[in-house]
Amino acid sequence: MKIDLTETTASKVNKALVQGRRTIGTPAIGMVLTLVIVTDEENAYDALKAANEASREHPSRTLVVIKRVSRSPRDRAKARLDAEVRVGADAGTGETVVLRLYGEAINHAQSVVLPLLLPDAPVVVWWPVNAPLDAARDPLGALAQRRVTDMYTAENPIRELAERAEAYSPGDTDLSWTRITPWRSMLAAALDQLPCKVAEVEVEGEEFNPSVELLGMWLADRLGVPVRRLLSAGPGLTAVRMETDCGPVALDRADGSLATLSMQGQPDRNVALKRRETSELLAEELRRLDPDDTYASTLKYGVDRLGEPQRTQTPLAAKAAESSDEPAADAAGATETAEATSDESADKTEGKAKAPAKKSASKKAASKAASE
């Protein structure tokens, strides 16, 4: 069910929500949080779609704040609020309110959102694009316990990593950090199986991807070892190689879905590491509403300490390439041996075939001489 309100107020939006619930026969509220999405008109559809899919796991009241640009000075001076209320099947498993702010109302978005928050429920603010550098000091971010950004959409993600480290506040998080959760889990599980010490690490991935930088910073911060950053064509993260005193450990994902875990003395194993949708990332972040201390420690480690990404092949990458080429070399050697053996067999067979022919020719010559 959809209810459109033009030039309305927050009070009328609340009344429309109550009316909509009564109309569809669900007056009870069973939502666990309020999700505030701050975006523009261009990205509103994708953000709302991801939020609706995430609401299947976290029923919530979703408030989409769209700040519209007014063209004339007169329109910019006039405050106006248009709203679209969605309940029932049109709003996933919760409620959705799309708020379009015009003119002076853009500068007071928190005054519009505050009356629509669920009472006694946590608040999460998500910026799919154009997030403020200091989210905790933003008027809307100040209302929330958790503030979710996405550095992948930034113009310069590496510079933004450094700026966010300076402005970090407990409760801040980023979807670029959420994207590497399976990688962190897999690498931690691999190291738990080996009572070895890591000497150096290489992290390989596409350029201008903050997830690759964050994984390198996490490994450097936790292991206390130097980490090299290598460039690849992607997609996203492609490989992590660690040199230990028990042998090399490598997690390689070339196609963006299936990875191979290689460890010394163990057979290679295939691992599912697919690139996840935004709705899955958002649902993961909504599972925890306490500050992420690991993210804070990683962010404050400093992206500058990783150094410049390298385009040339480093020693660990060369070792990994050599180890991957060994089976091919063995196969080539076996093929050459088989070909030589087959040639020798053919020569022997040919020699055996010629010997009876010579014997029959000599017999004919002897019989001819006797007859003469």
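How many residues lie between β12 and β13 in their hairpin, and which residue in the turn has a positive phi? There are 5 residues between the two strands, and G256 is the turn residue with a positive phi, about 85°. The views below show this hairpin and other parts of a predicted model.

**View 1. The chain as a whole, a predicted model with 11 helices and 14 strands.** The protein chain has 372 residues, and buried residues make up 44% of them. Contacts between residues at least 6 apart in sequence were sorted by separation. Of these, 71% join residues at least 24 apart.

**View 2. Strands β11, β12 and β13 are linked by hairpins.** Strand β11 covers residues 237-244, and strand β12 covers residues 247-252. The two pair in the antiparallel sense over 6 bridges. M242 stands opposite V249 in β12. The hairpin from β11 to β12 passes through 2 residues. Strand β13 spans residues 258-263 and runs antiparallel to β12, with 4 bridges joining them. Here D252 stands opposite T260 in β13. The turn between β12 and β13 holds G256, with its positive phi of about 85°.

**View 3. Helix α1 spans residues 10-24.** The helix has 15 residues. From first C-alpha to last it reaches 22 Å, close to the 21 Å expected at 1.5 Å a residue. G25 follows α1 and has a positive phi, near 85°.

**View 4. The two faces of α1, buried and exposed.** Which residues of α1 are buried? They are A10, V13, A16, L17, G20 and R21. These residues lie on the same side of α1, because they cover an arc of only 135° around the axis. The face turned away from the buried side carries the exposed residues K15, R22 and T23. The cover over the buried residues includes strands β1 (2-5), β3 (60-67), β4 (80-87) and β5 (95-102). Helix α4 (109-113) is also part of that cover.

**View 5. Strand β4 pairs with β1 and with β5.** β4 is mostly covered, with 7 of its 8 residues buried. β1 and β4 run antiparallel and are joined by 4 bridges. In this pairing, D4 has E84 of β4 as its bridge partner. β4 and β5 also pair in the antiparallel sense, over 8 bridges. V85 stands opposite V97 in β5. In a regular strand, side chains alternate between the two faces of the sheet.

**View 6. E95 in strand β5 makes polar contacts with two arginines, R21 and R61.** Is E95 buried or exposed? E95 is buried, with a relative accessible area of 3%. Its side chain makes a polar contact of 2.6 Å with the side chain of R21. R21 is also among the buried residues of α1. A second polar contact, at 3.0 Å, joins the side chains of E95 and R61. Leaving out residues up to four places away in sequence, E95 touches L17, R21, M31, S60, R61, T62, R86 and V87. L17, like R21, belongs to the buried set of α1.

**View 7. Y168 and Y295 form an edge-to-face pair.** A pair of aromatic rings is described by the distance of the centres and the angle of the planes. The count comes to 2 aromatic pairs. In the pair of Y168 and Y295, the centres are 6.1 Å apart, with 65° between the planes. This pair links distant parts of the chain, 127 residues apart. Y168 sits in the loop between α5 (157-166) and β8 (172-174), while Y295 is in helix α10 (residues 293-301). Y168 is buried, at 12% relative accessible area. Y295 counts as buried too, at 2%.

**View 8. W177 and Y295 form a tilted pair.** The ring centres of W177 and Y295 lie 5.5 Å apart, and their planes stand at 55°, so the pair is tilted. The pair links distant parts of the chain: W177 lies in helix α6 (residues 175-178) and Y295 in helix α10, 118 residues apart. W177 is buried, with a relative accessible area of 1%. Ring pairs link Y168, W177 and Y295 into a cluster.

Conventions. Residues numbered from 1 in each chain as written. Predicted model: local features only at pLDDT ≥ 70, side-chain atom pairs only at ≥ 80, totals over all residues. Heavy atoms only, no water. Expected span 1.5 Å × (residues − 1). Buried < 20%, exposed > 50% of the residue type's maximum accessible area, 1.4 Å probe, protein only. Arc of directions from axis to C-beta. Contact = heavy atoms within 4.5 Å. Polar contact = N/O pair within 3.5 Å; in protein donor to acceptor, adjacent residues only side chain to side chain. Pairing = 2+ DSSP bridges. Phe/Tyr/Trp six-rings, centres within 6.5 Å; stacked < 30°, edge-to-face > 60°.
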